[in-house]
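Trainee: Could we go through this one together? I'd like to see how each label is earned.

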Amino acid sequence: MNHNRKILIIGASIAGPTICYWLKKYGFNPTLIERSKQLRTGGYAIDIRGIAADIVKKMGIYDDIYAKRTSLLSTRYVDADGQTLSEEHGEKAGFREGDDVEIVRGELVNILLKAIPDVPCHFHKEIISLTQKDQVVEVTFKDGHIERYDLVMAADGLHSSARGMTFSDEDCQLFNLGSYISVFSIPNYLNLNRIQVLFEKDQKLISMVSDKDPDRAFATFAFRSKKALSGIANEKEQKKCLRDWFCDLGWASNKILDLINDSDDFYFDVMAQLKIDSWTKGRVALLGDAGYCASPLSGQGTSLAIVGAYILAGELKSAEGDYSVAFKRYNELMRPFVDANQDLGVWVGESFLAEGEVSKEIIEQRSSVIMEKMKMAANAISLPDYV
Ligand SMILES: Cc1cc2nc3c(=O)[nH]c(=O)nc-3n(C[C@H](O)[C@H](O)[C@H](O)COP(=O)(O)OP(=O)(O)OC[C@H]3O[C@@H](n4cnc5c(N)ncnc54)[C@H](O)[C@@H]3O)c2cc1C
């Protein structure tokens, strides 16, 4: 393998560092860039399920992930008065079984970055243009620097700007699932001890979870809206939107809304999936949420990112750097897996955020169906062995 070795990877979250690991192992020369000034620690919890757990084992980092995993004792649904409707203990509450593992996003990124000590990784670095030429991709960085790469891989998330520089609006569609999500941390004023509490009513859901840090809790608001919302362009408008939708809903809604301004990690976005016919164009490939976001509803975005990175790097190795062969195989192999997980995201979205109040029976019946569907989606691909 002696061509197409110089590869730029954009985005240092899950998909980016994972593909760097495999490319480096196979003799390519990846360089990783990330827009943030530094690694963002903390954040919401994400899952590694099914086949993706096998990949992190192959990378030799499963034990590190397991050691840093979340350690919730239970998940409890309450009604508007805070009375328990249903409670599930252990991993099953998060739809995990066997070697599936949940970890805070920042912890996982940290472990992934430590696994690629030989890959140049530049934080606070962005590209402003990307031009495909016959033999190379010419990349212009925000600081004015111009560099040529053999291939570029965009792992810069759902709102990927590298995707916008390569694919037209006709090529891809951001499919709005009809709901919105907001997450942020607040003081653990309910003194939750390694427990998640959820309250769901009138197509709105509030969750509070406190895990290892007894002083902090993580709040999630999710809601369904029949029409796409406007007036949510900035943080101020988004917080106002949450107040409008959740004020007086019940349980802890008003108190959490009061604490919203204490958070320094406020996040708000539409739940959306990325639909696209091909994840590659010329010498550019999309991976992770940038290519096949299934939405937080699927609970499978992290596993998709890990599997996609493994397959894209592996196919490039098998094709000895011939990207046209490798990209074709990547598209073929990933399509059924992505479809299965995006379908799961749509299904979960339709079963959660129901009208009226949820009952113990609905919660328990829904949970057992999700568990089954998630298991199937998490294993809906046979992993080639590239080594
Ligand atoms: C609220 C919420 C809850 C979730 N819950 C779960 C869950 O329970 N289970 C699960 O598996 N998944 C969950 N997910 C989804 C999961 O976080 C994503 O699927 C996963 O992080 C995708 O990884 P990625 O590497 O493709 O992209 P991302 O994690 O989105 O990372 C993209 C990276 O690219 C960087 N970047 C962006 N633009 C640029 C640029 N122009 N130049 C350079 N760098 C750039 C970003 O800073 C970021 O580091 C959740 C997501 C959210 C938002």
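Mentor: Sure, and keep in mind that this is a predicted model. Start at the ligand: 30 residues surround it, and the closest are Ser13, Ala15, Glu34, Asp47 and Asp289.

Trainee: What makes a residue count as near the ligand?

Mentor: One of its heavy atoms has to lie within 4 Å of the ligand. That shell divides into 11 nonpolar, 10 polar and 9 charged residues.

Trainee: Why is the pair formed by Tyr44 and the ligand called a polar contact?

Mentor: The cut-off is 3.5 Å between N or O atoms. A polar side-chain atom of Tyr44 lies 3.1 Å from an oxygen atom of the ligand, so the pair passes. Ser161 also has a polar side-chain atom 3.1 Å from the ligand, there from a nitrogen atom. With Asp289 a polar backbone atom is involved, 2.8 Å from a ligand oxygen.

Trainee: How much of the ligand's accessible area does the protein cover?

Mentor: On its own the ligand has 1000 Å², and the protein covers 90% of that. The elements giving two or more residues to the shell are β3 (45-48), β12 (172-187) and α9 (301-318). Of these, β3 gives the most, with 3 residues.

Trainee: β12 has a partner, right? How do you know that β12 and β16 pair?

Mentor: Pairing takes at least two bridges, and β12 and β16 have 10, in the antiparallel sense. For instance, Ile181 stands opposite Asp269 in β16.

Trainee: Why is β16 called largely enclosed?

Mentor: Because 8 of the 10 residues in β16 (267-276) are buried, with buried meaning under 20% relative accessible area. Helix α4 (105-114) gets the description as well, since 7 of its 10 residues are buried. Among them are Leu108, Val109, Ile111 and Leu112.

Trainee: And the sheet with 6 strands: in which order do they come?

Mentor: The order is β7-β2-β1-β11-β18-β17, in an open sheet with mixed pairing.

Trainee: What makes β7 and β17 edge strands?

Mentor: Each has a single partner strand, so one side of β7 (121-122) and one side of β17 (280-281) are left without a neighbour in the sheet.

Trainee: How do you know that β17 pairs with β18?

Mentor: Same test: at least two bridges are needed, and β17 and β18 (284-286) have 2, antiparallel. One of the bridges joins Thr280 to Ala285 in β18. So that pair meets the cut-off of at least two.

Technical notes
Residues numbered from 1 in each chain as written. Predicted model: local features only at pLDDT ≥ 70, side-chain atom pairs only at ≥ 80, totals over all residues. Heavy atoms only, no water. Helix = DSSP H or I, 4+ residues; strand = E, 2+ residues; numbered from the N terminus. Polar contact = N/O pair within 3.5 Å; in protein donor to acceptor, adjacent residues only side chain to side chain. Areas by Shrake-Rupley, 256 points an atom, 1.4 Å probe, with all protein chains shown as cover. Nonpolar A, V, L, I, M, F, W, Y, C, P; charged D, E, K, R; others polar. Buried < 20%, exposed > 50% of the residue type's maximum accessible area, 1.4 Å probe, protein only.
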